[in-house]
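Me: I have a model in front of me and would like to walk through it with you. Could you take my questions in turn?

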Amino acid sequence: MIAISDPPSILTEHDAGDVADLYARCTDYFMLQDGEPATLADAIDMFRDVPDEKSSADQTIMGWRGENGLIAVGVILRDYPSDRVWYLGFMIVDSAARGQGIGRTIYDMIEQWAAAHGAQEIRLAVLEANEAAERFWRSLGYRELRRVGPDTFKSRSHHRVELYRLLGSNLTVPPAQ
Ligand SMILES: CC(C)(COP(=O)(O)OP(=O)(O)OC[C@H]1O[C@@H](n2cnc3c(N)ncnc32)[C@H](O)[C@@H]1OP(=O)(O)O)[C@@H](O)C(=O)NCCC(=O)NCCS
């Protein structure tokens, strides 16, 4: 079992090659999302792709490394779509390392870090077709906010389920949108 105990590194665009290598070990996910494997350009996009009203400086990309490179990555955007709501844009674990608790461990680190920096709620969107990930998020206390889409992802089209979790509370009442 791979131990994820150290704090993450903060990744920058200089790490895009390592992200592309991780993506290449996660072809299952990109086939589901895009219908094709990810490219280096997709890895670079992860660092640049933020909503129009935000900048890359509003986004933090955390990476966890093992002997063979990156094991996992998490991307979080501050104060989007509103103040104190943070958006977990993406999280991925090397497909060979899944089902060992790494996803939960790194999510906990991201959530604690976000809460310590002022987040009161985290939102994310999961592809409707990604049932395993939706189960994962719901097992962590995420609840449905709304369904969005369809949106185009390369050669695929997806509806997504937007999920939210209020931090420091067991409330499950959806916040005002
Ligand atoms: C979703 C994802 C991040 C979860 O990461 P993970 O490391 O597999 O997650 P965990 O191991 O913490 O938990 C997954 C499952 O393994 C189980 N598990 C936890 N610890 C375990 C252990 N020590 N041994 C075996 N199984 C374990 C969990 O109970 C969980 O089961 P569930 O399916 O009933 O929820 C990962 O599957 C992934 O990268 N998927 C592809 C990308 C993706 O879908 N990202 C999310 C986009 S919204």
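Me: Which elements each supply at least two residues of the shell around the ligand?
Reply: Happy to help, and first a word on the source: this is a predicted model, in which local features need pLDDT of at least 70 and side-chain atom pairs count only at pLDDT 80 or more, while totals for chains, interfaces and linings use all residues. Residues are numbered from 1 along each chain as its sequence is written, and side-chain values use heavy atoms, with hydrogens and water left out. Helices (H or I, at least four residues) and strands (E, at least two) are DSSP runs numbered from the N terminus. The elements you ask about are β4, α4 (102-116), β5 (121-127) and α5 (131-139).

Me: Which residues around the ligand are the closest?
Reply: A residue counts as near the ligand if one of its heavy atoms lies within 4 Å of it. The shell holds 17 residues. By class it has 10 nonpolar, five polar and two charged residues, where Ala, Val, Leu, Ile, Met, Phe, Trp, Tyr, Cys and Pro count as nonpolar, Asp, Glu, Lys and Arg as charged, and the others, Gly among them, as polar. The closest are Val93, Gly99, Gly101, Gly103 and Asn130.

Me: How much of the ligand's accessible area does the protein cover?
Reply: Start with the polar atoms: a nitrogen atom of the ligand is 2.4 Å from a polar backbone atom of Gly99, and an oxygen atom of the ligand is 2.7 Å from one of Gly101. Arg98 brings a polar side-chain atom to 3.3 Å from a ligand oxygen. Of the 940 Å² of accessible area that the ligand has on its own (Shrake-Rupley method, 1.4 Å probe), the protein covers 69%.

Me: In what order do the seven strands of the open sheet lie?
Reply: In general, strands of a sheet pair through backbone hydrogen bonds, either parallel or antiparallel. Here two strands pair if DSSP finds at least two bridges between them. The pairing in this sheet is mixed. The order is β1-β2-β3-β4-β5-β7-β6.

Me: Which are the edge strands?
Reply: An edge strand here pairs on one side only. One of the two, β6, is joined to strand β7 (residues 156-166) by eight bridges, in the antiparallel sense, with Arg147 and Val161 as bridge partners. The edge strands are β1 (9-10) and β6.

Me: How many bridges join β3 to strand β4?
Reply: On one side, β3 pairs with strand β2 (residues 59-66) in the antiparallel sense over eight bridges, a hairpin of two residues joins these strands, and Arg65 stands opposite Leu70. Towards β4 (residues 85-93), the strands also run antiparallel, and Ile76 has Leu88 as its bridge partner. The number of bridges joining β3 to β4 is six.

Me: How many residues of strand β3 are buried?
Reply: Buried means under 20% relative accessible area, exposed over 50%, and partly exposed in between (1.4 Å probe, protein chains only). Strand β3 spans residues 69-77 and is mostly covered. Of its nine residues, the buried ones number eight.

Me: Is Arg84, in the loop between β3 and β4, partly exposed or buried?
Reply: Two residues in this loop have a positive phi without being glycine: Asp79, at about 50°, and Arg84, near 70°. Asp79 has a relative accessible area of 30%, so this residue is partly exposed. Because its relative accessibility is 42%, Arg84 counts as partly exposed.

Me: Which residue does a cis peptide bond join to Tyr80?
Reply: There is a cis bond from Gly149 to Pro150, with omega near 10°, and Pro150 sits in strand β6 (residues 143-153). For the bond at Tyr80, omega is about 10°, and the partner lies in the loop between β3 and β4. That partner is Pro81.

Me: With which side chain does the side chain of Glu121 make a polar contact?
Reply: Glu121 is found in strand β5, and counts as buried because its relative accessibility is 5%. A polar contact is a pair of N or O atoms within 3.5 Å; within protein, one must be able to donate a hydrogen and the other to accept it, and residues adjacent in sequence count only if both atoms are side-chain atoms. At 2.7 Å, the contact is with the side chain of Arg123.
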